[in-house]
Amino acid sequence: VQLFRKDPAMVLQELLQSLAGAGLKESDEAELAKTLRFTKSKTALLAAITETGGRWSTAQATRALSDLADTALEAGLNFLLRAAARRGKLIMDESEAGAANCALAIFALGKHGGQELNYSSDIDIVAFFDPRANVLKEPDDASKFYSRLVQSLAALMEKRSEYGYVFR
């Protein structure tokens, strides 16, 4: 119903902002997982309705789905880093922990990197970390920490629940 009253681009921005906020505020993984899945469903519906209704081009629809993937990954990473800070793994506290300052860079490949995701696309990412960055309380554990972090992020995206999955 909202789609017919608002500009679809505005609706998309509201969905993505809400998801980003959940990654910064949520402390329960099950709730974040639910938010991720509901936001994906809403975004896919928005893209489908606006594309088939002629309000968006296919390129705009695939860009929206790609923007969702970017935001979902960042929200998940923010959540996981805040949890790591709570467990004392980072030199910063929970309020400072986040994707922007964790010494980890995630790059989207394939359709995701080209902003061409469709409704059933997998996402392919590659992650790099700076082992010399002053982020971890135990810098010698950088490989192990970042490997587990990326594995946890992938699990958050692909684990199936009663609400579906986010991305494979």
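User: I'd like to learn to read this model. Which residues does L149 touch beyond its neighbours up to four places away in sequence?

Analyst: Happy to help. L149 touches L77, L80, L81 and L104 once residues up to four places away in sequence are set aside. Keep in mind that this is a predicted model.

User: How does L149 fit into the nonpolar core, and which residues touch the most other members?

Analyst: A nonpolar core is a set of buried nonpolar residues joined through their side-chain atoms. Here the largest one has 46 residues, and those touching the most other members are L36, L81, L90, F145, Y146, L149 and M157. The elements that give two or more residues to this core are α1 (8-25), α2 (29-52), α3 and α5.

User: Which element gives the largest share of this core?

Analyst: That is α3, with 14 residues. L81, which L149 touches, is also among the core residues with the most contacts to other members.

User: Let's turn to aromatic rings. How many aromatic pairs does a search of the whole structure find?

Analyst: The search finds 4. One of them joins F107 and F128 in an edge-to-face arrangement, with 5.9 Å from centre to centre and 65° between the planes. This pair links distant parts of the chain, as F107 belongs to strand β1 and F128 to strand β2 (residues 124-129), 21 residues apart.

User: Are F107 and F128 buried or exposed?

Analyst: Each falls in between: F107 is partly exposed at 44% relative accessibility, and F128 is partly exposed with a relative accessible area of 46%.

User: And why is the pair of F129 and Y146 called stacked?

Analyst: The general idea is to look at the angle between the ring planes, where under 30 degrees counts as stacked. For F129 and Y146 the planes lie at 20° and the centres are 4.7 Å apart, so this pair is stacked. Because F129 is in strand β2 and Y146 is in helix α5, the pair ties together parts that are 17 residues apart in sequence.

User: What is the accessibility of each partner?

Analyst: F129 is partly exposed, with a relative accessible area of 28%, whereas Y146 is buried at 3%. Ring pairs also link F129, F145 and Y146 into a cluster. Two of these names should ring a bell, since F145 and Y146 are among the core residues that touch the most other members.

User: Where does a charge sit over a ring in this model?

Analyst: Look at K40 and F167: the charged end of K40 sits over the ring of F167, 4.6 Å from its centre.

User: Now for charged pairs. How many salt bridges does the structure hold?

Analyst: There are 5. For each one, check the distance between nitrogen and oxygen, then ask how accessible the partners are. One of the salt bridges is formed by E14 and K6, whose closest N and O atoms are 2.9 Å apart. Both partners are partly exposed, E14 with a relative accessible area of 32% and K6 at 28%.

User: Which parts of the chain does the salt bridge of R82 and E94 link?

Analyst: Their side chains meet at 3.3 Å, N to O. The pair links distant parts of the chain, with R82 in helix α3 (residues 58-86) and E94 in the loop between α3 and β1 (104-109), 12 residues apart. R82 is buried, having a relative accessible area of 4%, while E94 is partly exposed at 27%.

User: What other salt bridge does E94 form?

Analyst: E94 also meets the side chain of R86, at 2.7 Å from N to O. R86 is partly exposed at 39% relative accessibility. Salt bridges with shared partners thus join R82, R86 and E94 into one network.

User: Finally, the backbone. Which residues have a positive phi although they are not glycine?

Analyst: Among them are A103, with a phi of about 70°, and Q115, with a phi of about 55°. A103 lies in the loop between α3 and β1 and is partly exposed at 24% relative accessibility. Q115 lies in the loop between α4 (110-113) and β2, and Q115 is partly exposed at 32%.

Conventions. Residues are numbered from 1 along each chain as its sequence is written. This is a predicted model: local features need pLDDT of at least 70, side-chain atom pairs count only at pLDDT 80 or more; totals for chains, interfaces and linings use all residues. Side-chain values use heavy atoms; hydrogens and water are left out. A salt bridge is a side-chain nitrogen of Lys or Arg within 4 Å of a carboxyl oxygen of Asp or Glu. Buried means under 20% relative accessible area, exposed over 50%, partly exposed in between (1.4 Å probe, protein chains only). Helices (H or I, at least four residues) and strands (E, at least two) are DSSP runs, numbered from the N terminus. A nonpolar core is a set of buried Ala, Val, Leu, Ile, Met, Phe, Trp, Tyr and Cys residues joined through side-chain atoms within 4.5 Å. Contact means heavy atoms within 4.5 Å. Rings of Phe, Tyr and Trp (its six-membered ring) pair if their centres lie within 6.5 Å; planes under 30 degrees apart count as stacked, over 60 as edge-to-face and the rest as tilted. A charge sits over a ring if NZ of Lys or CZ of Arg is within 6 Å of the ring centre and within 35 degrees of the ring normal.
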